[in-house]
Amino acid sequence: MQYLGEIISLTVAFSWTITALCSEVASKRLGALQLNVFRMLLSMLLLSATLWIFTGSPFPLYADGKTWLWLILSGVVGYVLGDYCLFNAYVLIGSRFGQLFMTLAPIAAAFSGWFILGERLSLQAVFGMIVTVTGIGMSVLNKGTTHKVGLKLPLKGVLFGIGAGVGQGVGLVLSKVG
């Protein structure tokens, strides 16, 4: 199929958008903590069922203690803390800006990969991070008629958004260690 890559890309973008919008509504109705706990329990149940079907055990028995430690740490940072921040950001600043802050995840992953794993960043990667952070800043900051630059979003929502992106990026690197 000639346009398979483009179709997959559009499908992923559509799915992310629907997920963000549904998560925003659920966060506002249930609360960020309740939604995160429910989502974690459901995902653990589905993952255990999948493992049971494919391996005969609801737990990955082949993983040693060190791997379990890193994967649990990754889950706590990425899913528990990162998603808690994301769902709170949805409540405070909406899914549009919440997803904007999720673009910090690759930057957080690059820096934590450098710090934890000793990975190197190319000049092009650093330039891409600068462009990303500049774009986020332009979207979040408002230049009023008095020529003062101010935050057009609640600070608490911005901090939760940053926490969401950083949590996802660092959690990814921790899972790579595991």
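These numbered points walk through the predicted model, from its overall layout to single side chains.

1. **Confidence.** The model is predicted, so start with how far to trust it. The chain averages a pLDDT of 89, and 95% of the residues score at least 70. Confidence varies among the elements. Helix α6 has the highest mean pLDDT, 94. Strand β2 (residues 149–151) has the lowest, 64. Where pLDDT is low, the predicted coordinates should not be read in detail.

2. **Overall layout.** The chain contains six helices and two strands. Their order along the sequence is α-α-α-α-α-β-β-α. The C-alpha trace spans about 65 × 45 × 40 Å along its principal axes. Of the 178 residues in the chain, 30% are buried.

3. **The core.** Which residues have the most contacts inside the largest nonpolar core? They are I93, F101, V140 and L153. This core has 22 residues. Helices α2 (32–55), α3, α4 (105–117), α5 (123–140) and α6 each supply at least two of its residues. The largest share comes from α3, with eight residues. In soluble globular proteins, nonpolar side chains tend to be buried together.

4. **The largest pocket.** The space in the largest pocket is about 720 Å³. Its lining has 21 residues. Nearest the pocket centre lie M44, L47, W68, L71 and G75. Helices α2 and α3 each supply at least two residues of the lining. Both helices also supply at least two residues each to the core of point 3.

5. **An aromatic pair between helices.** The structure holds two aromatic pairs. Take Y84 and F160. Why is this pair edge-to-face? The ring centres are 6.2 Å apart and the planes meet at 85°, so the pair is edge-to-face; the cut-off for that class is over 60 degrees. Y84 lies in helix α3 (residues 65–101) and F160 in helix α6 (residues 155–177), so the pair ties together parts that are 76 residues apart in sequence. Are the partners buried or exposed? Y84 is partly exposed, at 32% relative accessible area. F160 counts as buried, because its relative accessibility is 16% and the limit is under 20%.

6. **An aromatic pair within one helix.** F87 and Y90 make up a tilted pair. Their ring centres are 6.2 Å apart, with 50° between the planes. Both residues lie in helix α3. They are three residues apart, about one turn of the helix. F87 counts as buried, with 4% relative accessibility. Y90 is buried too, at 2%.

7. **A charge over a ring.** R96 lies over the face of F97. The distance to the ring centre is 4.5 Å.

8. **A proline in a loop.** Where is P154? This residue sits in the loop between β2 and α6. P154 is partly exposed, because its relative accessible area is 39%, which lies between the limits of 20% and 50%. The C-alpha atoms of P154 and V140 are separated by 9.9 Å. Along the chain, these two residues are 14 residues apart. V140 is one of the residues with the most contacts inside the largest core.

9. **What to take away.** Look at helix α3 while you turn the model. Helix α3 supplies the largest share of the core. Helix α3 also helps to line the largest pocket. Y84 of the edge-to-face pair lies in α3, and so do F87 and Y90. Read β2 with care, since its mean pLDDT is the lowest among the elements.

How values were computed
Residues numbered from 1 in each chain as written. Predicted model: local features only at pLDDT ≥ 70, side-chain atom pairs only at ≥ 80, totals over all residues. Heavy atoms only, no water. Phe/Tyr/Trp six-rings, centres within 6.5 Å; stacked < 30°, edge-to-face > 60°. Helix = DSSP H or I, 4+ residues; strand = E, 2+ residues; numbered from the N terminus. Buried < 20%, exposed > 50% of the residue type's maximum accessible area, 1.4 Å probe, protein only. Lys NZ or Arg CZ within 6 Å of the ring centre and 35° of its normal. pLDDT = per-residue confidence, 0-100. Core = buried A, V, L, I, M, F, W, Y, C linked by side-chain atoms within 4.5 Å. 1 Å grid on protein atoms, 1.4 Å probe; cavity = no way out; pocket = protein on both sides within 12 Å on 5 of 7 lines; lining within 4 Å. Points joined across faces, edges and corners; volume = space filled by probe spheres on them.
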